[in-house]
Amino acid sequence: MSDPRNVAHDKKVKQEKSHQENAPGAGTSAKKKRAPKDKAAATTGDGNKEAGSSEKAPVEQAPGDYEKSQTVLSKLKELEFHSRANIETLAQLTLTIDDELRQKEFSDSVGALYSAQDAFQTQVAALVESYGAKCESLKPSV
């Protein structure tokens with residue numbers, strides 16, 4: 001998925017879908033129908049939305065929210081994958097610098113990078129898990 005051609009293709013497909021939704025016709029009417037629901041939700045107040053959010057969430061969902069959320073989840077998973085790869089690379093570099101090259105003056109810098117990347121990896125993994133749960137709650141009922 002990290003191939004630039006795939007990324008460019010995905011971007012083009014998204015732009016075409018966006019263009020089709022914004023074109024006069026059925027896509028525009030769906031957006032007009034969504035706007036009043038959002039305004040109504042905004043006028044109800046935060047306390048009312050949170051109290052019945054589990055009941056109202058499926059009703060207030062825009063038609064493309066689930067698909068967009070799945071796209072975001074996919075990108076987060078890709079970010080997590082690359083983060084894991086960075087941790088492995090930093091571990092290899094640490095071994096090379098410490099053991100083979102015996103350049104102790106750089107081992108602390110690489111160790112600090114490793115620690116930062118590990119903290120980032122932990123946070124991304126937690127975000128992927130919680131966002132995945134959110135996506136499951138957005139899944140349209142059949």
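E136 is partly exposed, with a relative accessible area of 48%, where partly exposed denotes values between the limits for buried (under 20% relative accessible area) and exposed (over 50%), calculated with a 1.4 Å probe on protein chains only. The side chain of E136 meets that of K139 in a salt bridge at 3.9 Å, N to O, a salt bridge being a side-chain nitrogen of Lys or Arg within 4 Å of a carboxyl oxygen of Asp or Glu. K139, at 45% relative accessibility, likewise counts as partly exposed. The model is a predicted one, in which local features need pLDDT of at least 70 and side-chain atom pairs count only at pLDDT 80 or more, whereas totals for chains, interfaces and linings use all residues. Residues are numbered from 1 along each chain as its sequence is written, and side-chain values use heavy atoms, with hydrogens and water left out.

The protein chain contains 6 helices and 0 strands, and its elements run α-α-α-α-α-α from the N terminus on; helices (H or I, at least four residues) and strands (E, at least two) are DSSP runs, numbered from the N terminus. Of the 142 residues in the protein chain, 15% are buried. The accessible surface comes to about 10800 Å², of which 56% belongs to carbon and sulfur atoms, as obtained by the Shrake-Rupley method with a 1.4 Å probe, only the protein chains shown counting as cover for residues. Among contacts (heavy atoms within 4.5 Å) between residues at least 6 apart in sequence, 68% join residues at least 24 apart.

Helix α6 has 35 residues and reaches 51 Å from its first C-alpha to its last, close to the 51 Å expected at 1.5 Å a residue; the expected span is 1.5 Å times one less than the number of residues in the helix. The buried residues of α6 are S107, V110, Q117, Q121, V124, V128, G132, C135 and L138, and these buried residues pack against α5. In soluble globular proteins, nonpolar side chains tend to be buried together. The largest nonpolar core of the model has 5 residues, namely L73, L76, V124, V128 and C135, a nonpolar core being a set of buried Ala, Val, Leu, Ile, Met, Phe, Trp, Tyr and Cys residues joined through side-chain atoms within 4.5 Å. The elements that give two or more residues to this core are α5 and α6 (104-138), and α6 gives the most, with 3 residues. Within this core, L76 touches V124 and V128, and L76 also touches L127 and Y131, when residues up to four places away in sequence are not counted.

Polar residues also take part in the packing of α5 against α6. S83, which is placed in helix α5 (residues 65-100), is buried, with a relative accessible area of 1%. Apart from its neighbours within four places in sequence, S83 is in contact with Q117, F120 and Q121, and of these partners Q117 and Q121 are listed among the buried residues of α6. The other salt bridge described here joins the side chains of R84 and E80 at 3.9 Å, N to O, and a search of the whole structure finds 2 salt bridges. R84 and E80 both lie in helix α5, 4 residues apart, about one turn of the helix. The two partners are set differently with respect to the surface, as R84 is partly exposed, with a relative accessible area of 38%, whereas E80 is buried, with a relative accessible area of 14%.

The connection between the two helices can be described through R102, I97 and S107. R102 is placed in the loop between α5 and α6, has a positive phi of about 55 degrees although it is not a glycine, and counts as exposed at 62% relative accessibility. On the α5 side, I97 is buried, with a relative accessible area of 14%, and, its neighbours within four places in sequence left aside, I97 is in contact with R102, Q103, F106, S107 and V110. The C-alpha atoms of I97 and S107, 10 residues apart along the chain, are separated by 6.4 Å. S107 is found in helix α6 and counts as buried at 15% relative accessibility. The side chain of S107 makes a polar contact with the side chain of D98 (3.4 Å) and reaches the backbone oxygen of K104 at 2.9 Å; a polar contact is a pair of N or O atoms within 3.5 Å, of which, within protein, one must be able to donate a hydrogen and the other to accept it, residues adjacent in sequence counting only if both atoms are side-chain atoms.
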